[in-house]
Structures are given as structure tokens and as C-alpha cells.
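Biologist: Please take a close look at the interior of this model. I would like to know which residues are packed inside, what they touch, and how the surroundings compare.

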Amino acid sequence: MNIPGYQWVTERATGVPVGPAYTGRMKSIAEIRKSYERAELDESASLADPLQQFEQWLKEAISSEVPEPNAMTLATVGSDLRPSTRVVLIKDFDARGIVWYTNYESRKGRELAGNPYAALQFHWVELERVVRIEGVVERVSADESDAYFHSRPLDSRIGAWASPQSEVIPGRTVLVTNAAKYAAQFLLQPPRPPHWGGYRLKPDTWQFWQGRKSRLHDRLRYTQQDQGVWLRERLAP
Ligand SMILES: Cc1cc2nc3c(=O)[nH]c(=O)nc-3n(C[C@H](O)[C@H](O)[C@H](O)COP(=O)(O)O)c2cc1C
């Protein structure tokens with residue numbers, strides 16, 4: 001049988017086959033390896049402005065139809081100095097930074113209130129590419145949050161009211177009950193909850209990683225200098 005980790009077992013005393021069981025005899029994860037050979041990232045071919053380089057790679061990720069090309073990992077650090085990560089969706093980007101939306105009272109919201117430094121990471125597996133972005137985070141304007149909130153489907157707008165994100169809840173019923181309550185209260189026009197809105201990370205460092213053969217990957221780091229000039233350096237993989 002071909003399911004990893006499962007084998008057909010027989011009863012030890014009688015030798016009678018009893019069926020498939022998990023034996024843990026899966027290929028070791030340490031043996032899973034891949035050679036990265038799809039593309040390269042060269043100093044001369046990369047763009048001088050990291051925002052433009054990012055835009056080019058994001059467009060390629062979207063046109064390549066990789067799954068969820070807009071998903072990025074967001075790392076924040078709490079007041080206890082412990083880092084934490086979660087996935088969020090990029091909703092906008094320009095020279096001011098990278099935007100996502102969330103609950104301001106969530107764990108990430110609380111951590112950003114105490115420490116605005118954060119990092120983002122895109123991993124486009126099929127393209128063998130990673131983009132890492134570091135910088136300072138601030139809330140987007142209320143008008144910007146309103147505009148995005150009102151562009152969302154109705155159930156997502158109700159969901160923003162229904163979920164006390166990151167809080168412990170006694171069961172799923174809480175969410176379903178809250179959703180029904182707010183749907184009845186707001187009908188088709190839920191306002192943006194005061195605890196929900198956007199953040200913008202203003203990058204001061206970008207890093208572009210392109211997998212290459214024999215683990216000799218390409219890594220270009222862009223660091224912001226004075227007057228908006230970016231220093232581009234190659235890092236050892
Ligand atoms: C693909 C994907 C996209 C997500 N997008 C968002 C998002 O845009 N905003 C958000 O608040 N949570 C999003 N989530 C849920 C978060 O990963 C996370 O569970 C939630 O924000 C709570 O995180 P926190 O407790 O660390 O604050 C997404 C999850 C996945 C898997």
C-alpha cells in the first residue's frame with residue numbers, strides 16, 4: 001500500500017491479516033530534498049528599487065497561478081520579547097509600504113501596539129522564491145480602513161464583528177451566535193468595527209531569495225540609505 005507511514009499488519013499470534021495500521025515507517029523528513037533550478041537573481045538583472053523588484057515577483061507569482069500568492073507570514077514581537085508569526089493577506093502596496101487588515105485587539109495587534117517593528121515573508125514555493133521585508137508598522141487611516149472594509153463581502157464584514165480574534169472562546173457556537181446577532185442588528189450595512197482596520201509596514205530592508213542548484217542560492221538584500229537610496233548587496237546563502 002502506498003500511504004506514507006501505513007503498512008498492512010498481521011496479528012502477531014495468529015498471522016491473520018488485520019488491516020492497514022500506522023507504523024510510522026514513513027520516509028524520514030530529513031531525507032526530503034529538492035534541487036532548486038528554476039531561475040536566477042542577478043545584480044544586473046534585478047531592479048534598483050526593491051519595491052519594483054517586489055512588484056515584478058508578485059505579478060509573476062499571480063500570473064503563475066501559485067496557490068495564494070497574496071499570503072504572507074507576519075512576525076511580531078511581544079513585550080516578553082517572544083516572537084510570534086501568523087499568515088495574513090497583502091491588500092495594497094506602494095512607496096508607503098505593505099498593507100494588510102486585521103483585528104487591532106488580536107495578539108498581533110497588541111504586540112504591534114507595544115513594538116511597531118515587524119517582518120513579513122512571502123514564500124512562493126513553486127517559483128523557489130522568498131521575499132523578506134522588515135520595517136516599522138503603523139495603522140492606515142480610518143478612511144482607508146473604511147474604504148477597504150466596505151469593499152468586503154457581507155459575511156466577512158459581519159465576521160469582523162463576530163470574532164473576538166485571538167481570545168479564548170468556549171466553543172464554535174459563540175461565533176455562530178455572534179454572527180447571527182450582528183447580522184440581525186446591522187442587516188446589510190454593518191459599519192467598520194472600531195477594533196478592525198489596516199496596518200502598513202514601511203520597509204527599511206528587503207531581501208529577495210531565489211533558489212539555485214547545489215544550495216548556492218541567490219540572495220539580494222536592499223537596505224535603505226539616506227534620501228531614499230537603496231544599497232543592494234549579495235548575501236551568502
Ligand atoms: C491564507 C491565510 C490568510 C489569512 N489572512 C488573514 C488576514 O488577512 N487578516 C487576519 O487578521 N488574519 C488572517 N488569517 C488568520 C491569521 O493567520 C491568524 O490566525 C489570525 O490573524 C490571528 O492571529 P494572532 O492571534 O496572532 O493575532 C489568515 C490565515 C491564512 C491561513
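**The buried interior and its surroundings**

Modeller: Buried residues account for 22% of the 237 residues in the chain. The model is a predicted one. The chain has 5 helices and 11 strands. Its radius of gyration is 23 Å, well over the 18 Å given by the globule rule for 237 residues, so the chain is more spread out than a compact globule. Along the principal axes, the C-alpha atoms fill a box of roughly 75 × 60 × 40 Å. Of the contacts between residues at least 6 apart in sequence, 55% join residues at least 24 apart.

In soluble globular proteins, nonpolar side chains tend to be buried together. Here the largest nonpolar core holds 25 residues, and those touching the most other members are Ala118, Leu120, Val131, Ile133, Tyr199, Leu201 and Trp206. At least two residues of this core come from each of helix H1 (50–63) and strands E3 (71–77), E6 (97–103), E7 (117–124), E8 (129–139) and E9 (196–210). Val131 gives a local view of the packing: leaving aside neighbours within four places in sequence, it is in contact with Phe54, Trp57, Phe122, Trp206 and Phe208. There is also a second, separate core of 5 residues, with Ile158, Ala160, Trp161 and Trp196 among them.

Next, Pro203, which lies in strand E9. Is Pro203 buried or exposed? Pro203 counts as buried because 23 C-beta neighbours fall inside 10 Å, where 20 or more are needed. Not counting residues up to four places away in sequence, Pro203 touches Gly97, Ile98, Ile133, Glu134 and Gly135. One of these, Ile133, is also in the list of residues that touch the most other members of the largest core. The C-alpha atom of Pro203 is 9.5 Å from that of Pro50, although 153 residues separate the two along the chain.

The second core leads to helix H4. Trp161 sits in this helix, which covers residues 154–162. The buried residues of H4 are Arg157, Ile158, Ala160, Trp161 and Ala162, and they pack against helix H3 (142–151), H5 and E9. Trp161 has 20 C-beta neighbours inside 10 Å and therefore counts as buried; the cut-off for that class is 20 or more. Apart from residues up to four places away in sequence, Trp161 touches Tyr182, Pro190 and Pro193. Its C-alpha atom is 7.4 Å from that of Ala179, 18 residues away along the chain.

Helix H5, one of the packing partners of H4, runs over residues 173–186. Its 14 residues reach 20 Å from first C-alpha to last, close to the 20 Å expected at 1.5 Å a residue. After H5 comes Leu187, with a positive phi near 50 degrees.

Some residues outside the buried class serve for contrast. In the loop between H1 and E3 is Glu65. Although it is not a glycine, Glu65 has a positive phi of about 60 degrees. Glu65 is exposed because 8 other C-beta atoms lie within 10 Å, and the exposed class takes in 12 or fewer. His123 belongs to strand E7. His123 has 15 other C-beta atoms within 10 Å, so it is partly exposed. The C-alpha atoms of His123 and Ala61 are 9.9 Å apart, with the two positions 62 residues apart along the chain.

Ser166 links this part of the account to the ligand. Ser166 is in the loop between H4 and H5 and, without being a glycine, has a positive phi near 80 degrees. It counts as partly exposed because it has 14 C-beta neighbours inside 10 Å. Ser166 is also among the residues that come nearest the ligand, together with Thr102, Ser106, Arg107 and Lys108. The shell around the ligand comprises 16 residues, divided into 6 nonpolar, 6 polar and 4 charged. Strand E4 (83–89), E6 and helix H2 (107–114) each supply at least two of them, and E4 gives the most, with 5 residues. E6 therefore has two roles here: it supplies at least two residues to the largest core and at least two to the shell around the ligand.

Technical notes: Residues numbered from 1 in each chain as written. Predicted model: local features only at pLDDT ≥ 70, side-chain atom pairs only at ≥ 80, totals over all residues. Core = buried A, V, L, I, M, F, W, Y, C linked by C-beta atoms within 7 Å. Helix = DSSP H or I, 4+ residues; strand = E, 2+ residues; numbered from the N terminus. Contact = placed C-beta atoms within 7 Å. Near = placed C-beta within 6 Å. Nonpolar A, V, L, I, M, F, W, Y, C, P; charged D, E, K, R; others polar. Expected span 1.5 Å × (residues − 1). Rg over C-alpha atoms; globule rule 2.2 N^0.38 Å.
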